[in-house]
Amino acid sequence: MEANMRAKDFIWNFWEQIKVADEIRETFQRRLGEDRDLTKLQQTILVQLATTRERSVTSVAHALKMDPGNFSKACTILEEKGYIERRRSEADSRKVFLEYTDKGLDYVKQFEEFVDATFSVDNKDLHPVDGADLVDSLEKCNKKLKTLLNEMDENKIKKSSSR
């Protein structure tokens, strides 16, 4: 990609790569989940648990930007399938924490093995440092796009209030 890419070309390529990445993620999740009878949402919840320090139902729901009631229903299904268990806090009985069962840990281990193989130091196509740079660049792009959206919203508000 040339260094002085025009903005419209950049954004078009950016969105196209996001679309391709999302299609690959969907295919990966479908393949990893089909043998286990897991939906994409259920897989997302299992992986999110591995990356969330506070594993209360409310905290994980917020991390996924889900309504806690809907999230709780999804957890009930995961619990029925044997992937997670709920444990009520001894210190505060209002808090419920999520824990993996052996079956849930097995799924997360398989997922992590795939990610490790994809981004390992031995991988000549994508080194972990490259992956970190990629994530950093995506975060910067998203921050800039959010700023532009906020500016658009502010301009819309200014225009409507000046009428």
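Which residues are buried in α5? Before selecting that helix, keep in mind that the model on the screen is predicted, and begin with the whole chain.

Colour the protein chain by secondary structure, and six helices and two strands appear, which run in the order α-α-α-α-β-β-α-α from the N terminus on. Switch next to a surface view, where the protein chain exposes about 12,200 Å², with carbon and sulfur atoms supplying 53% of that area. Of the 163 residues in the protein chain, 22% are buried. If you display contacts between residues at least 6 apart in sequence, 45% of them join residues that are at least 24 apart.

Now select residues 102–118, which form helix α5; its 17 residues reach 24 Å from the first C-alpha to the last, close to the 24 Å expected at 1.5 Å a residue. Show the side chains within α5, and you come to the buried residues Gly104, Tyr107 and Val108. They lie on the same side of α5 because the arc they cover around the axis is only 90°. In general, an α-helix has 3.6 residues a turn, so residues three or four places apart point the same way. Turn the view to the other side of α5, where Asp102, Asp116 and Ala117 are exposed.

To see what the buried residues of α5 pack against, add α1 (7–34), α2 (40–51) and β2 (96–100) to the selection.

Finish with the cysteines, among them cysteine 75, which counts as buried because its relative accessibility is 0%, and cysteine 141, which is also buried, at a relative accessible area of 17%. A search for disulfides finds zero in the structure.

Definitions and conventions:
Residues are numbered from 1 along each chain as its sequence is written. This is a predicted model: local features need pLDDT of at least 70, side-chain atom pairs count only at pLDDT 80 or more; totals for chains, interfaces and linings use all residues. Side-chain values use heavy atoms; hydrogens and water are left out. Helices (H or I, at least four residues) and strands (E, at least two) are DSSP runs, numbered from the N terminus. The expected span of a helix is 1.5 Å times one less than its number of residues. Buried means under 20% relative accessible area, exposed over 50%, partly exposed in between (1.4 Å probe, protein chains only). The arc is that of the directions from the helix axis to the C-beta atoms. Contact means heavy atoms within 4.5 Å. A disulfide is a pair of cysteine sulfur atoms within 2.5 Å. Accessible areas come from the Shrake-Rupley method with a 1.4 Å probe; for residues, only the protein chains shown count as cover.
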